[in-house]
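Trainee: Could you walk me through how to read a two-chain model, feature by feature?

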Amino acid sequence: MSNAPLAAPTVATRPRPRVSRRTLREWTLFGLLAFPNIALILMFVYRPLMTNIYYSTLDWTLGSPTARVIGLANYREFFTGPDAATVLRATGVFTVATVGGSMLLGLLFATVLNRRLVGNTLARATVFAPYVLSGVGVGLVWTFIFDPVTGVLAGLLRAVGLSSPQWFLDPSLSLTMVILVYVWKNLGYCAVIYLAAMQAVPRDLLEAAAMDGAGRVRTFITIVWPLLSPTSFFLLLTTILGSLQAFDLIRIMTPLGNGTTTLMYDSYLQAFGGYNRAGYSAAISTVLFVILLAMTAVQLHLIERRVHYA
Amino acid sequence: MSIDTAGPASGRAIAHQSLSRQVARRRIRIRFDDGGVGRPTLLGTIVGGYVPLLLATLIIALPLGWMVLGSFKTSGEVLSQHVVLLPHAPSFAAYRSASAQIDFGRLFLNSTIVTVVGSATKVVLAITTAYALVFLRFPGKRWIFLGILVALMVPSQVSLLPNYVFIAGLGGVNTYWGIILPGLGTAFGTFLLRQHFMSLPREILEAAEIDGAGHLMRLTRMVIPISTPTIATVALVTIVSEWNDYIWPLIITNDDSRMTLPVGLTLLKNVEGDPSSYPILMAGAIVVIVPVLVVFAFLQRYIVAGLTQGAVK
């Protein structure tokens, strides 16, 4: 009690430090623990975003010490030149076909896997496996299968008296081939996610439907499919993002991009495929980035909504 | 009464809550049902269940099996116009001649170095960053997390050319650090671990703090040990993606002393345009695919959980 009047003035006269020593120590520790990662992300994710836009305004040969600022000429060249039509068409066809293909087959595989059967754990793992495998390895394997002379597909076609299509020479067949392999590699991802969503469908709903005499197909159309719609939307966005950035399979199966030059592949070819056109490549990257950004914005909006409702 | 309506599932959930609620909830649990349709007949089960299941599995497994068979064939068998199903005299000839044409040991070593160093660093960075974001006070912490979250969505293709120019300028072409460094910042692992750390019971950590355990002690003695499943998930997904990584090592290396396996295979395919190299390339494909396949076979539930993260609430 006698101490109180003495203590009070000391506290009052000493200016309260804005940041206590303890807090300062915590901030330092935060810096030590988090700074390296944050710095790396800033350096190799955010900085390139800006640099890439700057590069896109240059007439610049990769490796050359000099560059000339040419404003939007690269974009003008891309959109008015002969490239845009073929590249955008290839990108569109590839994206629509791979997204549609992996989602539809993913759904089909999920229905097949969603039954209490012996061996379905193994089947589920097998179906998902290609998704984690190297695109280069998978691309090589399928290159042999599709080979018009020695491939097993050609052999099977010969057995029924048909001759193999020229998968690697005809641009539209090349595109078809890469789409097929891409779907094969990615459908397991859609299947596993659809499977999890299907199993979250309340059992009593299904039992009630069965009681009312609804068959499998009817139950699926009227009950399961509507309940899967958030999952379908999620998959739609993620698979579009993935397809737009597809690279490995295209590079290994059709190195020249004959019919398979999507925006992503064109941007690679222009800078690193022998043309060394850095500025032009950056412009194509930027076009692709804007498309991806729009998709991501939709996705962020979706996540926000999910968090609200969760 | 309320417990009855909540059902056994939520009872289990509450029991597990104290450990890793987030992981348990996020890991995709597979429960099989028959779609609620009445008792199936044996024939119905076979035709409607097993046949489609077998077909689905074969569609995926056959090409991979074909690859394995092919790598044991002679080039004569592979090139034959008549499809040879099984190699007549299984041999490692393809593997031998593959390693004669391209230094597979070297490529394998390079891939291993890049994968081990890269993923180890990324996992450590993810753990420390997530810990800082969850358990330490820092002004603007939420914004930092948002920045990391957005980085997760930035497509890597836009950073290729600028990062190439930057790393090449520093002399990083054909070096291990040049391959590893640009990918080290980890948004995925940080995000996953942060979500998990948020779910840890605060009371235990607070009790430890009262007992005088500092942050580093709490991180290494408590947070890390009780988070092993999530850390394993992050580690496995990181390892697989580092091993498979293609476009960046392809751009930043042009000498086979530093190439990773996928890049080396590209080189082999470019050099060997003629089909006689097919068994060799198949052997190469096996060397790049099989390690991941083996890891996946044993630890698939972690990998699936990590890769399907965020898809299912």
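Mentor: We'll take the interface, the salt bridges, a helix, a surface patch and a single residue in turn.

Mentor: Ground rules before we start. This is a predicted model, where local features need pLDDT of at least 70 and side-chain atom pairs count only at pLDDT 80 or more, while totals for chains, interfaces and linings use all residues. Residues are numbered from 1 along each chain as its sequence is written, chains are lettered from A and ligands numbered from 1 in the order in which they are written, and side-chain values use heavy atoms, with hydrogens and water left out.

Trainee: How much area do chain A and chain B bury between them?

Mentor: Buried area is the accessible area (1.4 Å probe) that two parts lose on being put together, summed over both. Here that comes to about 9,300 Å², with 71% of it on carbon and sulfur atoms. Phe30(A), Phe44(A) and Phe144(A) supply 8% of what chain A buries against chain B, more than any other three residues. In terms of contacts (heavy atoms within 4.5 Å), 102 residues of chain A meet 99 of chain B.

Trainee: How many salt bridges cross the interface of chain A and chain B?

Mentor: The rule wants a side-chain nitrogen of Lys or Arg within 4 Å of a carboxyl oxygen of Asp or Glu. It finds two across this interface, and eight over all chains. One pairs Arg22(A) with Glu209(B), closest N and O atoms 3.7 Å apart. Another pairs Arg137(B) with Glu26(A) at 3.2 Å. Arg137(B) sits in the loop between α5 (104-135) and α6 (141-153) of chain B and Glu26(A) in helix α2 of chain A, so this pair joins two chains. Helices, by the way, are DSSP runs (H or I, at least four residues), numbered from the N terminus.

Trainee: Are Arg137(B) and Glu26(A) buried or exposed?

Mentor: Buried means under 20% relative accessible area, exposed over 50%, partly exposed in between (1.4 Å probe, protein chains only). Arg137(B) counts as partly exposed at 43%, whereas Glu26(A) counts as buried at 8%. In the other pair, Arg22(A) is partly exposed at 45%, and Glu209(B) is partly exposed at 33%.

Trainee: Which residue of chain B meets Glu209(B) in a salt bridge?

Mentor: Arg218(B), at 3.7 Å, N to O. Arg218(B) is buried, with a relative accessible area of 7%. Put it all together and Arg22(A), Glu26(A), Arg137(B), Glu209(B) and Arg218(B) are linked in a network of salt bridges.

Trainee: What should I look at in helix α5 of chain A?

Mentor: Check its span against the expected value, 1.5 Å times one less than its number of residues. α5(A) (residues 120-132) has 13 residues and reaches 19 Å, first C-alpha to last, close to the 18 Å expected. Then check cover: 10 of the 13 residues are buried, including Phe128(A) and Pro130(A). The buried residues of α5(A) pack against α4 (82-113) and α8 (171-199) of chain A, together with α2 (42-71), α12 (228-244) and α15 (278-307) of chain B.

Trainee: And what about a single residue, say Gln270(A)?

Mentor: Gln270(A) lies in helix α13 (residues 263-272) of chain A and is buried, with a relative accessible area of 8%. Not counting residues up to four places away in sequence, its contacts include Asp83(A), Tyr275(A) and Ile284(A).
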